[in-house]
Amino acid sequence: MALDEEPTSTATYFPSLAASRDAGTAWTCRCGEPNPGDYDTCHFCQHPQPDPQPAARPGTVFTPTDDDMEGAYAGVLVASLGEDGDALALTGFKERALEALDTYYRSVCGRPNLLDDADRPLTDAYFFLDSGHAVFTRHADGGWTAAPTAEDAEGAVAVTWFRSADGPVPAPYGRHDQPKLPLG
Ligand SMILES: [Zn+2]
């Protein structure tokens, strides 16, 4: 590669590249050449830096709309989270979240109800719901995460998380309202 094509910048290229490699910010152009992290275009072919470092870029805080979630169910926007059956409803009211999530799981996932168990009382679902606030952050790849946050945090949105309800009611919420089985 004829580095002297750009004599004015080669003096800084190698030191910058070495520093960027130490810092982990160097990027590789589609032409195959490495570039320092602060070069917006390739030192060799002038192609713009692609978006290879989404993790290094701060995400953009946003308020979710229809387009970001899977849809509105019982009037509340819902999105599933990951592969474990967890989900998120855009409301801080558990009773509204319960109705929305139950509608979502029945209509979209084909489950008998939110708990995937027709014989289980739906009120059990309350024990798997956590209401609070989240900050939604958009990533360079278009995905997003919802991180729990304080109510007064900038960009905080009232949400209710549903944690997959496999297994018994969580221990801290152990129920005491079940009628005792008659003895003997
Ligand atoms: Zn290049």
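**Hairpins.** I began with the hairpin formed by β4 and β5, which has 2 residues between the strands and, in its turn, Ala74 with a positive phi of about 55 degrees. I was looking at a predicted model, in which local features need pLDDT of at least 70 and side-chain atom pairs count only at pLDDT 80 or more, while totals for chains, interfaces and linings use all residues. Residues are numbered from 1 along each chain as its sequence is written. The helices (H or I, at least four residues) and strands (E, at least two) I refer to are DSSP runs, numbered from the N terminus; I take two strands as paired if DSSP finds at least two bridges between them.

β4 (residues 71-73) and β5 (residues 76-81) pair in the antiparallel sense over 3 bridges, and I found Gly71 standing opposite Val78 of β5. I then followed β5 to β6 (residues 86-89), an antiparallel pair joined by 4 bridges, in which Ala79 stands opposite Leu88. The hairpin of β5 and β6 has 4 residues between the strands, and there Gly82 takes a positive phi near 65 degrees.

**Onward to β9.** I next traced β6 to β9 (residues 157-162), an antiparallel pairing over 3 bridges, with Ala89 opposite Thr160. β9 also pairs with β7 (residues 129-138), again in the antiparallel sense, over 6 bridges; here I noted Trp161 as the bridge partner of Asp130.

**Core.** I looked up the largest nonpolar core, meaning a set of buried Ala, Val, Leu, Ile, Met, Phe, Trp, Tyr and Cys residues joined through C-beta atoms within 7 Å. It holds 25 residues, of which Val76, Val78, Ala87, Ala89, Ala100, Leu101 and Tyr104 touch the most other members. At least two residues of this core come from each of β5, β6, α2 (94-107), β7 and β9, and the largest share, 6 residues, is from α2. For Ala100 I listed the contacts (C-beta atoms, placed from the backbone, within 7 Å): leaving aside neighbours within four places in sequence, they are Tyr73, Ala74, Val76, Val78 and Ala89.

**Positive phi outside glycine.** Which burial class does Ala74 fall into? I applied the scheme in which a residue is buried if 20 or more other C-beta atoms, placed from the backbone, lie within 10 Å of its own, exposed if 12 or fewer, and partly exposed in between. Ala74 counts as partly exposed because it has 17 C-beta neighbours inside 10 Å. Asp116, in the loop between α2 and β7, also is not a glycine yet has a positive phi, of about 60 degrees; with 16 C-beta neighbours inside 10 Å, Asp116 likewise counts as partly exposed.

Technical notes:
Contact = placed C-beta atoms within 7 Å.
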